[in-house]
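Biologist: Hi! Could you walk me through this one while I have it open on my screen?

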Amino acid sequence: MVSVSKKLNITKLPSLSPKTHFTTQPFIPFSQLQQQRKHLETDLVSKLDNCRSFTRIKRVHAQIILNGLDQCCYVVTKLLRMLSNVGVPVNSYAHNVFDRVSHRNSFIWTALIRGYCVQGPVNEAVRLYSLMRMEGIGPVSFTFSALLKACSVCEDVGLGMQIHGQIVSVGGFGCDLFVANTMIDMYVKCGFLECGRRVFDEMVVRDVISWTSLIVAYVKSGDLSSAAELFDGLPVKDMVAWTAMVNGYAQNARPREALNLFKRMQDGDVETDEVTLVGVISACAQLGAAKYASWVRKVAEESGYRPTSNVVVGSAFVDMYAKCGNVEEAYRIFERMSVRNVYSYSSMIVGFAMHGHASEAINLFEEMVKTEIKPNRVTFVGVLTACSHAGLAEQGERYFATMQSCYGVVPDADHYACMVDLRGRSGRLEGALQLIKSMPVKPHGGVWGALLGACRIHADPDIAEIAAKSLFELEPDSIGNYILLSNIYASAGRWEDVARVRKTVRMKGLKKNPACSFVEGKDGVIHEFLAGDLTHPRSSQIKQELENLLEKLKFLGYQPVLSSVPYDVDDKEKMRILMAHSEKLAFSYGLLTVASGSSITIVKNLRICEDCHLFMCGASWVTGRKIIIRDNMRFHHFHDGACSCNNFW
């Protein structure tokens, strides 16, 4: 049987006898003993730092006890923190360790409070804080930061305000930079941004974290003016602050500001990472301008983020080139990517779909499901959209039916919107309406909007009224729904109903978003044209170019589609309105500025009308130009008198 002395590795002292000769032990100064103890404490704390499991922590804990350091607050504080980090329940092992310490300081109290803040319940952390104060132990900044972070996690702003009160009343911590930054974070995460701003305004000393956390919060709330104000006042802007603003503009559909800010970032030699690049690539995609696409790609490659080797940046570039009208370049990048993920495949499938390449989108989907990469909800939005735009009703129904059973993707409202669009485009309006009524999820505006759009195609004012009624409830201030219903009534000659809808719009004070189109000139500058606006410096030339083109088209048999004008005016006035549509003005400017033989790409904020579609088909034949138009639904590639959509849009 192993003796206790061997277990604990205690050297047995020699027995004493009259003949025993005492040897003098060397004297060790107290300062040297202290130094040895400090070295031992540091060694044990270092060992705890490297522990990644409860078993290893218990071994070090045994060494702490054997060396008589179980009362050392410095070592025990580290022990408590590591127990919490590996997920050991605080109310058992850690609390027992804490209870055995006779003289506890602020840090050991804070370690246990932090454990409850991380694991819960938070009210136990608050109780411990109260006990600590009752024992006359003062808190440290880490005490308050732990409690504030717990309030952030459970979004308990009431408790957070009480902690804020303690921070002020205890004294000294209101000026603590670390505590103040944690307070800002707590208020922001609890949805009380203005309270966070007041903390910021009262801070005597701020650092980049103080500024950036508020900038990011304003960006997320959509208050870009406040974000920009703070950003401009930030003395030293780091990459995080720049990225927050670039992504904020991109996410809030302000691509020009995002690109201008990114250029300033580049001019200031600020480092660029993949998060910044994804934001600015998204801005390029929104703007649809080739000039910016080439520039951002050059910046990405010079920064070490080649689209073919970085899957995140590569997927973003696939999406960007597809939205800039260059689906061929999007696919070239996709093919060369060394690693692909679900986002790469989904971006390419959606890209093919919006360009009307249904077979390519479906083939790529079939290729994807043969790999280990599983499709997600976006993948199916792409596949269903491809089927809808190509009129592949049976295939679309089949993919929709197998989403959940074969791939585990539960259809959401966006997928139902695709199916309503698919059925509606093919003329099955009743079937589309029945699908909406049988949906297991609540239909959103996109679902009813798809049905209303289909009613416009097939001139069905009765079902249009049903769809519009739901849209008016879901989106009471969206003027587009009222205009679309008015147009459907106008096509059916129901002018009294048109007048009624327009009266409602006037009473609600809704303003129509003006139709606008963007085209890139030969100098790379983006030119914007509004419908009916002839204020461009070259308006007289644009008008003359348009009239010359119109004469050629009429000679070939072009007849304006006057029904595209939803107003009860004479034919001459309808003709004047049609000729001032924004995409026609943009195209005429493109003819004047874009090199002969080059394609002309136009981005439009609204759906292209039937007359403009017919006009562009003829224009592509007469001018010999390839015309690419991206409207708010899809891409149209006009070439040799025909469109890629096969007149099914």
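## Helix H25 and beyond

Modeller: Happy to! Let's start with helix H25, whose buried residues pack against helix H24 (413-425), helix H26 (445-457) and helix H27 (461-474). Bear in mind that this is a predicted model.

Biologist: Sure. Which residues in helix H25 are buried?

Modeller: H25 covers residues 429-437, and its buried residues are Leu429, Ala432, Leu433, Leu435 and Ile436. Looking down the axis of H25, the buried residues fall within an arc of 155°, so they line one face of the helix.

Biologist: And what does the face of H25 turned away from its buried side carry?

Modeller: That face carries Glu430 and Lys437, which are exposed.

Biologist: Nice. Switching to salt bridges: how many does a search of the whole structure find?

Modeller: The search finds 26 salt bridges. One of them joins the side chains of Arg127 and Glu124, at 2.5 Å from N to O.

Biologist: Where do Arg127 and Glu124 sit relative to each other?

Modeller: Both belong to helix H7 (residues 122-134); they are three residues apart, so about one helical turn separates them. Arg127 is partly exposed, at 39% relative accessibility. Glu124, on the other hand, is buried, with a relative accessible area of 17%.

Biologist: Got another one within a helix?

Modeller: Yes, take Lys189 and Asp185, whose side chains form a salt bridge of 3.2 Å, N to O. They are in helix H10 (residues 177-189), and because they are four residues apart, about one helical turn lies between them.

Biologist: How exposed is Lys189, and what about Asp185?

Modeller: Lys189 is partly exposed at 48% relative accessibility. Asp185 also counts as partly exposed, with a value of 26%.

Biologist: And which salt bridge does Asp267 make?

Modeller: The side chain of Asp267 meets that of Lys263 in a salt bridge of 3.3 Å, N to O. The two are four residues apart in helix H15 (residues 255-267), so they are separated by about one helical turn. Asp267 is exposed, at 55% relative accessibility, while Lys263 is partly exposed at 45%.

Biologist: Those are all pairs. Which residues are linked in a network of salt bridges?

Modeller: Asp462, Glu465, Arg494, Asp497 and Arg500 are linked that way.

Biologist: OK, new topic: pockets. What volume does the second largest pocket have?

Modeller: Its volume is about 450 Å³. The lining of the second largest pocket has 25 residues, and Ala290, Cys324, Glu520, Ser599 and Thr601 are the ones nearest its centre.

Biologist: Which elements each supply at least two residues of that lining?

Modeller: Helix H17 (290-302), strand S1 (516-520) and strand S3 (600-604) do.

Biologist: And how do the residues of the lining divide by class?

Modeller: For the second largest pocket, 13 are nonpolar, eight are polar and four are charged.

Biologist: What about enclosed space? How many cavities of 30 Å³ or more does a search find?

Modeller: The search of the whole structure turns up one. The largest cavity has a volume of about 30 Å³. Gly174, Cys175, Asp176, Leu177, Ala180, Met203, Val204 and Val205 line that cavity. By class, its lining has six nonpolar residues, one polar and one charged.

Biologist: You mentioned helix H17 earlier. Is Arg297, which lies in H17, buried or exposed?

Modeller: Arg297 counts as buried, because its relative accessibility is 17% and the cut-off for buried is under 20%.

Biologist: Which residues does Arg297 touch, not counting those up to four places away in sequence?

Modeller: Leaving those out, Arg297 touches Pro307, Phe317, Tyr321, Glu329 and Ile333.

Biologist: How far apart are Arg297 and Asp156?

Modeller: In sequence, Arg297 and Asp156 are 141 residues apart; in space, they are 44 Å apart, C-alpha to C-alpha.

Biologist: Last one from me: where is His355?

Modeller: His355 is in the loop between helix H20 (342-354) and helix H21 (358-368). His355 is buried, at 0% relative accessibility. Not counting residues up to four places away in sequence, His355 touches Ala322, Gly325, Val327, Arg634, Phe635, His637 and Ser644.

Biologist: Great, thanks for the tour!

Terms used
Residues are numbered from 1 along each chain as its sequence is written. This is a predicted model: local features need pLDDT of at least 70, side-chain atom pairs count only at pLDDT 80 or more; totals for chains, interfaces and linings use all residues. Side-chain values use heavy atoms; hydrogens and water are left out. Buried means under 20% relative accessible area, exposed over 50%, partly exposed in between (1.4 Å probe, protein chains only). The arc is that of the directions from the helix axis to the C-beta atoms. Contact means heavy atoms within 4.5 Å. On a 1 Å grid over the protein atoms alone, a cavity is a set of points where a 1.4 Å probe fits but cannot get out, and a pocket is an open set with protein on both sides within 12 Å along at least five of seven lines; lining residues have an atom within 4 Å of a point. Grid points are joined across faces, edges and corners, and a volume is the space filled by probe spheres set on the points. Ala, Val, Leu, Ile, Met, Phe, Trp, Tyr, Cys and Pro count as nonpolar, Asp, Glu, Lys and Arg as charged, and the others, Gly among them, as polar. A salt bridge is a side-chain nitrogen of Lys or Arg within 4 Å of a carboxyl oxygen of Asp or Glu.
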